[in-house]
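Biologist: I have a structure open on my screen and would like to learn how to read it. Could you take me through it one feature at a time?

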Amino acid sequence: MSQKPYPASEDSALLRSTVEHLSGGTCLEIGAGNCGNVNVMAGRFALAVATDLVRPAISDWKESGTNFVLADRATCFRDCSFDVVAFNPPYVGSGPVEDVAVDGGEGGTEVPLSFLREAVRVWRPGGRLLFLVSSENQLKPFEDEVGRGAMRLEKVAERHLFYETLSVYEATAGSPRVSRTAKSR
Ligand SMILES: C[S@@+](CC[C@H](N)C(=O)[O-])C[C@H]1O[C@@H](n2cnc3c(N)ncnc32)[C@H](O)[C@@H]1O
């Protein structure tokens with residue numbers, strides 16, 4: 001399986017647009033790639049942490065103040081550790097080309113859901129939890145996952161690309177439902 005760092009792309013930029021204005025105590029980007037998103041948050045948080053299975057190819061995370069950890073999702077952290085958790089997971093269904101940066105497993109949702117479970121575990125209720133999904137993925141499993149924690153999804157950003165629509169959702173406390181702008185499949 002390829003282990004090259006993910007080069008920042010349109011999906012990275014969309015997630016960044018939703019986190020770059022945030023500030024606070026602790027933040028985590030799961031699967032941070034070259035750390036472009038978390039580096040932007042690092043100057044605005046007391047502690048900024050990034051995880052990935054692959055080391056960043058670009059070293060500017062060191063200057064930015066980001067703490068990079070080579071780890072599986074957020075499994076090395078305790079429950080309720082972060083005020084803000086964000087991720088742009090691999091979301092392409094498994095195919096002949098194996099690449100850890102894009103392979104989302106079964107239906108393209110297996111890996112993103114495993115990210116979400118970890119995000120919900122380490123996220124401090126009252127903080128912010130933001131993540132990107134593609135219109136190629138079914139949204140229902142994500143709704144179900146956050147619904148188990150009495151949260152709902154609200155779409156906060158969207159971008160149309162060639163064959164798909166990328167959306168960033170925020171999980172917020174409240175009765176499990178999808179906001180009026182979100183589309184279930
Ligand atoms: C689509 S890329 C996004 C990278 C970066 N967040 C961005 O927006 O540019 C998904 C990232 O998740 C990482 N990844 C895949 N499985 C992982 C796992 N189990 N734990 C941590 N990172 C993982 C990949 O190496 C890749 O860097």
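Modeller: Gladly; we will go from confidence to the sheet, the helices, the aromatic rings and a few loop residues. Please keep in mind that this is a predicted model.

Biologist: Then let me begin with confidence. What pLDDT does the protein chain average, and where does pLDDT stay under 50?

Modeller: The chain averages a pLDDT of 90, and 92% of the residues score at least 70. The stretch to treat with care is residues 176–185, where pLDDT stays under 50. The model has 22 contacts beyond four places in sequence for that stretch.

Biologist: Thanks. Next, the sheet: in what order do its strands lie?

Modeller: The order is β3-β2-β1-β4-β5-β7-β6, an open sheet of 7 strands with mixed pairing. Its edge strands are β3 (67–70) and β6, each of which pairs on one side only. On average, neighbouring strands are turned by 20 degrees against each other, direction ignored.

Biologist: Which strand pairs could I look at in detail?

Modeller: Try β1 and β2, which pair in the parallel sense over 6 bridges. Across that pairing, Cys27 stands opposite Ala48 in β2. Then look at β4 and β5, also parallel, with 5 bridges. In β5, Phe131 is the residue opposite Phe87.

Biologist: Is strand β2 mostly covered or mostly open?

Modeller: Mostly covered: 6 of the 8 residues in β2 (45–52) are buried. As a general idea for reading strands, side chains in a regular strand alternate between the two faces of the sheet.

Biologist: Now the helices. How do I read which side of a helix faces inward?

Modeller: The general idea is that an α-helix has 3.6 residues a turn, so residues three or four places apart point the same way. In helix α1 (residues 10–19), the buried residues are Asp11, Ser12, Leu14, Leu15, Thr18 and Val19. Seen down the axis of α1, they fall within an arc of 165 degrees, so they line one face of the helix.

Biologist: What covers the buried residues of α1?

Modeller: The cover includes two elements early in the chain, β1 (24–30) and α2 (36–42). It also includes β4 (82–87), β5 (123–134), β6 (151–160) and β7 (165–173).

Biologist: And which strands do α4 and α5 lie across?

Modeller: Helix α4 (residues 110–122) lies across β1, β4, β5 and β6, and runs at about 165 degrees to β5. Helix α5 (residues 140–148) lies across β5, β6 and β7, at about 145 degrees to β6. The buried residues of α5 are Phe142, Glu143, Glu145, Val146 and Gly147, and their cover includes α4, β5, β6 and β7.

Biologist: I noticed quite a few rings. How many aromatic pairs does a search of the whole structure find?

Modeller: It finds 5. For each pair, look at the distance between ring centres and the angle between planes. The rings of Trp61 and Phe68 have centres 5.7 Å apart and planes at 50 degrees, so this pair is tilted. Phe77 and Phe82 make an edge-to-face pair, with 5.2 Å centre to centre and 85 degrees between the planes. Trp61 and Phe68 are both buried, and so are Phe77 and Phe82.

Biologist: Which residues form an aromatic cluster?

Modeller: Phe87, Phe115, Phe131 and Phe142 form one. You have already met Phe87 and Phe131 standing opposite each other, and Phe142 among the buried residues of α5.

Biologist: Last topic: which residues other than glycine have a positive phi?

Modeller: Cys35 and Cys80 are among them, with phi near 75 degrees for Cys35 and near 55 degrees for Cys80. Cys35 sits in the loop between β1 and α2, and counts as buried because its relative accessibility is 0%. Cys80 belongs to the loop between β3 and β4; at 46% relative accessibility, Cys80 counts as partly exposed.

Biologist: And where does Ala150 lie?

Modeller: In the loop between α5 and β6. Ala150 follows α5 and has a positive phi, near 55 degrees. Its relative accessibility is 44%, so Ala150 counts as partly exposed. The C-alpha atoms of Ala150 and Thr172 are separated by 8.7 Å, although the two are 22 residues apart along the chain. Thr172 is placed in strand β7 and, at 18% relative accessibility, counts as buried.

Note on methods
Residues numbered from 1 in each chain as written. Predicted model: local features only at pLDDT ≥ 70, side-chain atom pairs only at ≥ 80, totals over all residues. Heavy atoms only, no water. Buried < 20%, exposed > 50% of the residue type's maximum accessible area, 1.4 Å probe, protein only. Helix = DSSP H or I, 4+ residues; strand = E, 2+ residues; numbered from the N terminus. Arc of directions from axis to C-beta. Contact = heavy atoms within 4.5 Å. Pairing = 2+ DSSP bridges. Axes fitted to C-alpha atoms, helices over the stretch in contact; angles between N-to-C directions. Phe/Tyr/Trp six-rings, centres within 6.5 Å; stacked < 30°, edge-to-face > 60°. pLDDT = per-residue confidence, 0-100.
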